[in-house]
Amino acid sequence: MKFFFLGLIISTSVLAEKNDLTHRPRSFLVSGGKAVFVDFIEASYKISYHVRNRSAQVIATIKFNTPEAGRPIFDSVEDPSSITLNGEAVYANEIKTPSRETKVRVINKELPIGSHTAIISVPLKTLLDWRDGGVKSAFWISDLSERRFLERYLPANLEYDQVKMKFEIEFLGNKTKQKIYTNGVVEDKGNNTFAISYPDYYNAASIFFHTMPETTSDEVRFSLKSVDGREVPVVIYVAKPALKGTSSLETLQALTTQIFHELEGDYGAWPHPSMVIYNAGQGGMEYHGATMTSTSALGHELFHSYFARGMMPANGNSGWLDEALASWRDKGYQTLYELSGTSRMSNQAYYTRTTDYSAYTFGERFMSLMDGRFKAKGGLKPFMRHILEKRLFAPLFVEEFIQEMSSFYGESVEEDFRKYTFGTKNSFQKSLSHEHPVHQKMSIEELHKHL
Ligand SMILES: [Zn+2]
């Protein structure tokens, strides 16, 4: 029996690694060699906040495998102050991908196939507010603009790569105790130092992290009984004083409870160990079992804990799937039998990391159309439940989604996706583009207001 379980554990981690490798983008030529995407195995981040001199630093220790020889790629929006690779000092230039879709960092050192360790130091400068004898800091993300995942704050890899991440955090010179809201397991080590560990299926779009002096937030904690028998711990919190547009914590608790049961009824047990909700009154962004949200976006964001952070996109061209599905729910799961127009939601340039805006509108109509197509087989919802069970926490390409749908219904949907999502441009009914997307592009100034 023991061996059987050991076998199971080994095979899930092997599967995760295999999934990373099969979704790794193609290498490309840079001056002096070949830039290769790698597989992060473990990333430990030491994060130090120096309250007195108002500065913060990150030292990332990253163990990774190179499945092909070449210059390793990672990303960090901030310029690293130092990098050592297998003990040797190196540097990493910011390089544009071949069609100029995005930028990444390429280390100036050719590596053979194998295991390596990089230690990367970067200043943490984004979304910090030094006040009340402590600091407010968050690693909020967005998929609507370039390089707005974890790489905006810490050295990280692209969305395809799942990696075991750990934070070691120290706050130095505080006058108050810091509070941390996050979707990992927090260990308070005393003296304003904390260790946080995150599940090994997380990627650069998974972590919700928000810290502030403990006097500056209000919260309610409760648990929700899942259909699988678990009591899922929930925290809903709000900044003090409450920002414009926020509902009371009681209102949010009631609404959260109702949506939780609706989603479990449709798609099965809540896929995450806990739930964290930041009642920000604005915006809306999803994380694994967590969200920063307004009251009106709450249903959309919690849905994303199933589709986006349950069934996970592996790149920009698969990012529209979960937005289209979430918007389909927002609009009351409508059914269509015809649709005119086309889009390039699945057909952006190869290295694109962002989600096409058409997902919310034309993408929603396309899902309504697919629901109509399979009405006799129960519509789209049975497939959604099926793919969650089959592909939970295994980032996928749109091509794999198409394949899964075709084999689930026993007929090919390739032609439908090709016609409506693999176009060369977005060309559909104009009125659709006036609809308001749930996720707003938030400027850094707007994000600061919510710290
Ligand atoms: Zn969304």
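# Chatting through a predicted model

Modeller: To start us off, the structure holds 31 salt bridges, where a salt bridge is a side-chain nitrogen of Lys or Arg within 4 Å of a carboxyl oxygen of Asp or Glu. This is a predicted model, in which local features need pLDDT of at least 70, side-chain atom pairs count only at pLDDT 80 or more, and totals for chains, interfaces and linings use all residues. Residues are numbered from 1 along each chain as its sequence is written, and side-chain values use heavy atoms, with hydrogens and water left out.

Colleague: Thanks! Which residue does lysine 34 meet in a salt bridge?

Modeller: Lysine 34 pairs with glutamate 68, at 2.8 Å from N to O. That links distant parts of the chain, 34 residues apart: lysine 34 is in strand β2 (residues 33-37), and glutamate 68 is in the loop between β4 (55-66) and β5 (71-74). Helices (H or I, at least four residues) and strands (E, at least two) are DSSP runs, numbered from the N terminus.

Colleague: New topic: what does the domain assignment of the chain give?

Modeller: Domain 1 covers 17-127 + 138-207, domain 2 covers 216-307 and domain 3 covers 316-434. Those bounds come from an automatic or database domain assignment.

Colleague: How many residues of domain 1 are in contact with domain 3?

Modeller: Domain 1 has 29 residues in contact with 17 residues of domain 3, contact meaning heavy atoms within 4.5 Å. The C-alpha centres of these two domains are 31 Å apart.

Colleague: And what area do domain 1 and domain 3 bury between them?

Modeller: About 1,800 Å², with 54% of it on carbon and sulfur atoms. Buried area is the accessible area (1.4 Å probe) that two parts lose on being put together, summed over both.

Colleague: How many salt bridges does the rule find across that interface of domain 1 and domain 3?

Modeller: The rule finds two between domain 1 and domain 3. On the domain 1 side of this interface, α1 (2-22) and β9 (103-107) each supply at least two residues. By class, that side has ten nonpolar, nine polar and ten charged residues; Ala, Val, Leu, Ile, Met, Phe, Trp, Tyr, Cys and Pro count as nonpolar, Asp, Glu, Lys and Arg as charged, and the others, Gly among them, as polar.

Colleague: Switching to rings, how many aromatic pairs are there?

Modeller: The count comes to 41. Rings of Phe, Tyr and Trp (its six-membered ring) pair if their centres lie within 6.5 Å; planes under 30 degrees apart count as stacked, over 60 as edge-to-face and the rest as tilted. Tyrosine 267 and phenylalanine 307 make an edge-to-face pair, 5.4 Å centre to centre with 85° between the planes. Tyrosine 267 lies in helix α2 (residues 249-267) and phenylalanine 307 in the loop between α3 (298-303) and α4 (319-330), so this pair ties together parts that are 40 residues apart in sequence.

Colleague: Last one: where is the cis peptide bond that joins a lysine and a proline?

Modeller: The cis bond joins lysine 240 and proline 241, with omega about -5°. Proline 241 sits in the loop between β19 (231-239) and α2.
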